[in-house]
Amino acid sequence: ECERVYAGHRAGRTSDDPGSRQDELNDRLVTEARAGRCVVRLKGGDPYIFGRGGEEAIALREAGIPFEVISGVSAASGVLAYAGIPLTHRGVATTATLVTGHESGDSDDPGIDWPALARLRGTLVVFMGSRRVSAIADALIAGGRKADTPAAAIQWGTWPTQRSVVATLATLARRAGDEDIASPALIVVGEVIDLRGTLNWFESKPLFGRRMLVTRSREQSGSLQLLLESEGAEVHSLPLLEISAPEDWTAVDDAIARLGGFSWIVFTSPNSVTFFFDRLWQLGKDARAFGTAWIAAVGKSTGQLLRERGIEPDLLPEMHSSAGLARAFESIDLNGAEVLLPASSIGRTELDEKLAEQGAMVMRITAYENRPPASDSIDLPATLTEGRLDCVVFASPSSARNFLDVVGREQGLKYLREIDIAVIGPTTASAVEDLGLAVAIKPTDSSVPTLVRALCEYYDRP
């Protein structure tokens, strides 16, 4: 519920005087604080290291506004660590010097003594110098720094879009130009760069540099996105499902009223557990309401949610899918058994049919609604429309079908045939293949961790 105000400014972006923009920002901080609002001035890195945080704090002090400072991780250490370059290292560099490459135009500015910096033998980190790489390198070489000194430029450090160029002081400007390295970027000079081959952990992640599109609902995409990002992926979201409670709880309430009378209660997704138990509790009941009924779960995630609610599944198939669950029931006598399936609003499935073929009386109830999003609420990511995606991830059959409905069948098929398709399990794989598409990554175990492992193995292969 916070009001967010963009406060960034970079050299060369506009003709406005940077000092004037900073003065306006200082005034805004004072004005909002005097209005009784709690104000956070959020900066990248450390606010006092070339962040102009000191100027803002002085303005607040002069206005009598109390403030506190929470130190951030400076790009000098954070970005270098993500590039596999230590700021200092025993026996290699015992000093580090931080300097701005964007010198002020004020007449009384003392400037930067590049010859003096050239004589230092530790690590040199240049902030805001991407537009002056050639001039900085020339000044350091002219000041006595060897032309073959290791040098690097790191763009978008610590982000999935991080790019690093390693060269020498003499060749860095050309290499950075060839790779279109631009702001935000750091320039690093020093022998510590030679350690990058050993310490480059971030850019060595199995999914580093891969752009992936997640199509789960907003409520469910978080865990998958975090796991993909932890493996280095750049993740974009296109929610193709809207999950909500049913408009009418009558069928669910009737089932809950006689819950212990069912032979089996089968949960086919984490959502079915979440919505069914939420309603159970709203009616003043808990796990005791299941009585002597046996409980089945389609996979690990669904089973774990049941355990968190006090239920240990009696049946958990080895292959975590609806087909695997149906096969697990083949060895169980279901003749005359009443089976309850709290599920989505999508109609009967192959699981329902298989259980009925074994003589079960299957009662499917809508525990949650599964709808495609409104077309006017969809904003297609540029990475998709511009053909810059590596992979799209489908976690349900409906998300794949909704993709074509939202994007348009012809255009959607064109997009999907040009990138890798990953699915969460066999059921979704079958649905995607029925659309005439090839599936590149399809784990047999329908769970998010297994899917991420399969993606890592696929993209990390030689």
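**Figure 1. Helix α15 and its surroundings in the predicted model.** Helix α15 spans residues 397–407, and its buried residues are Ser 398, Ser 399, Ala 400, Asn 402, Phe 403, Leu 404 and Val 407. Among the elements that cover these residues are the strands β6 (211–214), β12 (361–371) and β13 (391–394). The helices α14 (382–385), α16 (409–417) and α17 (426–434) also contribute to this cover. Gly 408, just after α15, has a positive phi of about 105°.

**Figure 2. The largest nonpolar core.** This core has 23 residues, of which Phe 394, Phe 403, Leu 416, Ile 421 and Val 432 touch the most other members. At least two residues each come from β13, α15, α16, β14 (420–423) and α17. Helix α15 gives the largest share, four residues. Beyond four places in sequence, the contacts of Phe 394 include Phe 403, Leu 416, Ile 421 and Val 432. Phe 394 also touches Thr 215, Leu 240, Ser 399 and Ala 400, among others.

**Figure 3. Thr 100 in strand β1.** Strand β1 covers residues 96–100. Thr 100 counts as buried because its relative accessible area is 17%, under the 20% cut-off. Not counting residues up to four places away in sequence, Thr 100 touches Phe 50, Ile 112, Trp 114, Val 126, Phe 127 and Met 128.

**Figure 4. Stretches with pLDDT below 50.** The chain averages a pLDDT of 90, and 94% of the residues score at least 70. Over residues 12–16 the pLDDT is below 50, and this stretch has three contacts beyond near neighbours in sequence. For residues 104–109, where pLDDT also stays under 50, the model has one contact beyond four places in sequence.

Methods. Residues are numbered from 1 along each chain as its sequence is written. This is a predicted model: local features need pLDDT of at least 70, side-chain atom pairs count only at pLDDT 80 or more; totals for chains, interfaces and linings use all residues. Side-chain values use heavy atoms; hydrogens and water are left out. Buried means under 20% relative accessible area, exposed over 50%, partly exposed in between (1.4 Å probe, protein chains only). Contact means heavy atoms within 4.5 Å. pLDDT is the predictor's confidence in each residue, from 0 to 100. A nonpolar core is a set of buried Ala, Val, Leu, Ile, Met, Phe, Trp, Tyr and Cys residues joined through side-chain atoms within 4.5 Å.
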